[in-house]
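Welcome! Have a look at the sequence and the structure shown here, and then we can walk through a few of the features together.

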Amino acid sequence: MSASATVEIVTTAAALDALAPEWHRLFAASPAASPPLHWDWVREWWRLYGPVYGLGGQGLRIFAVRADGRLLGVLPLYRRDAWGDEFLEPRRLLFLSQGEAPGDRIEGEYLDLLYAPGEAARCLAAIQKALLDGAAGPWDLLSLAYVAETSPLSSWVSDLGECGLEVSIGEPMQYAIADLADGFDAYVTRLSYKARRNARTEVKAAAKDGLVVQFAANETEAEAYFDEMVSLHQQHWTALGKLGCYASERFTAFHRCLCQKFVGTGFAVLARLRGATGTLAVVQGFVVGNKFHAYQSGRSDDRQGQVASPSTAMHLLLMKRLLERGVTQYDFLAGALHYKHRLCTDYQPFRHLRLVNPTWRVKAHTVYGGLKRRALRMLGGRAGRNGAASAAPAARSGALAVL
């Protein structure tokens, strides 16, 4: 008979550091492993973002599930600061890598419960008990973003409606994935006619132009490649009147750190498309198992040689090189950029999940919000009537003057 699982709530950076060896072993075995669930990702995010968003660094709430002393699962959450000065604002539990201000977001995707094979149900049962018993402290809203529909969290959240919690499940969105399992040529044949023709043309053009894909192999090269990516990325987006991701110092420092630390291990990838005139594109991502997660890129907007789109050529040639490393899925992640949907062959649906704990605070906030909205409507109606009343004499005065 399986031993019952218990939950430890990790609330300090020191306790998180002590968990590192077990976490790494769990990550290597877990079917849910993804870049944002890697211990170093979590630790670096908390170092940079915790003091800003997580109750001044006091909001760490990582659920570590054990049985017989063995780490079975980890749900990496934190208590976020209030999003405004509204009275009785709900106390929020969120995934780490979620909840940053616009322009500062890491956009961690495939957020999930990290669990040992076959242990998801036992982990979630223990986490549910800890949540409802208040082991993690008071909370009003549990927000879980970017959860794939295949995650055990999806059905778990749905079932929690029977425990007195209010469940909200967002509309499905999609990750765009290129399936490379049967090789590059087979992948290309699965694209639409137009995308297939364009892909073949770009690969041939890159060969004529003598373009090659190079990988950063150490910390020094990672620094140089990363700087090139930031420069190309920012040039492109600022030309469109937008800030670009790397306008955020925290975002830049976060990804720079992970790239420098892990390009030598194969977990982080920094690759650039290089020609006689210099670097045309750079892609940054992470490899977990047989999947490459394409996180960021920068590309030149100046057409040079035969290649029409350095970005498209970069992704296609990178796929060919990653296949040599055993990568059989190239995940473009979420986003509405056209090239993702043109180059993908499959989609993985995901949703944002929310649980509301009907505490007295939530009920009071609901009443307060209703009163506030009613007052604003009354004030708006009064302002509208006063505006109409003051405008009427002016109109009559103007008419008399014309006559």
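## Before we start

A residue is called buried when its relative accessible area is under 20%, and exposed when that value is over 50%, with partly exposed in between. One more thing to keep in mind: this is a predicted model.

## A kinked and covered helix

Let's begin with helix α3, which spans residues 39–53 and has a kink of about 45 degrees at arginine 47. The kink comes shortly before proline 51. Just past the helix, α3 is followed by leucine 55, which has a positive phi, near 55 degrees.

How many of the 15 residues of α3 are buried? The count is 12, so the helix is mostly covered. Tryptophans feature in the buried set, including Trp39, Trp41, Trp45 and Trp46. Charged residues are there as well, among them Asp40, Arg43 and Glu44. Val42, Leu48, Tyr49, Gly50 and Tyr53 are also buried residues of α3.

## The nonpolar cores

In soluble globular proteins, nonpolar side chains tend to be buried together. Here, the largest nonpolar core has 91 residues, and those touching the most other members are Trp23, Ile62, Phe63, Ile127, Leu144, Leu153 and Leu270. Helix α3 gives the most to this core, with 8 residues.

Take leucine 153 as an example. Leaving aside neighbours within four places in sequence, leucine 153 is in contact with Leu75, Phe95, Asp112, Leu113, Leu124, Leu144, Val147 and Leu353. Apart from the largest core lies another one, of 38 residues, which includes Ala199, Val203, Leu322 and Tyr330.

## A strand with two partners

Next, find strand β8, residues 173–179. On one hand, β8 runs antiparallel to strand β14 (residues 346–356), and 5 bridges join the two. Within this pairing, methionine 173 stands opposite phenylalanine 350 of β14.

On the other hand, β8 pairs with strand β13 (residues 329–333), again in the antiparallel sense, over 4 bridges. There, aspartate 179 has glutamine 329 of β13 as its bridge partner.

## Cysteines without disulfides

How many disulfides does the model contain, if two cysteine sulfur atoms must lie within 2.5 Å? The count comes to 0. Cysteine 163 is in no disulfide, as the nearest cysteine sulfur, that of cysteine 123, is 17 Å away. With 37% relative accessibility, cysteine 163 is partly exposed.

Cysteine 259 is in no disulfide either: the nearest cysteine sulfur belongs to cysteine 257 and is 9.3 Å away. Cysteine 259 is buried, with a relative accessible area of 0%.

Conventions: Residues numbered from 1 in each chain as written. Predicted model: local features only at pLDDT ≥ 70, side-chain atom pairs only at ≥ 80, totals over all residues. Heavy atoms only, no water. Bend = angle between axes of the 7 residues up to and from the residue. Buried < 20%, exposed > 50% of the residue type's maximum accessible area, 1.4 Å probe, protein only. Pairing = 2+ DSSP bridges. Disulfide = S-S within 2.5 Å. Core = buried A, V, L, I, M, F, W, Y, C linked by side-chain atoms within 4.5 Å. Contact = heavy atoms within 4.5 Å.
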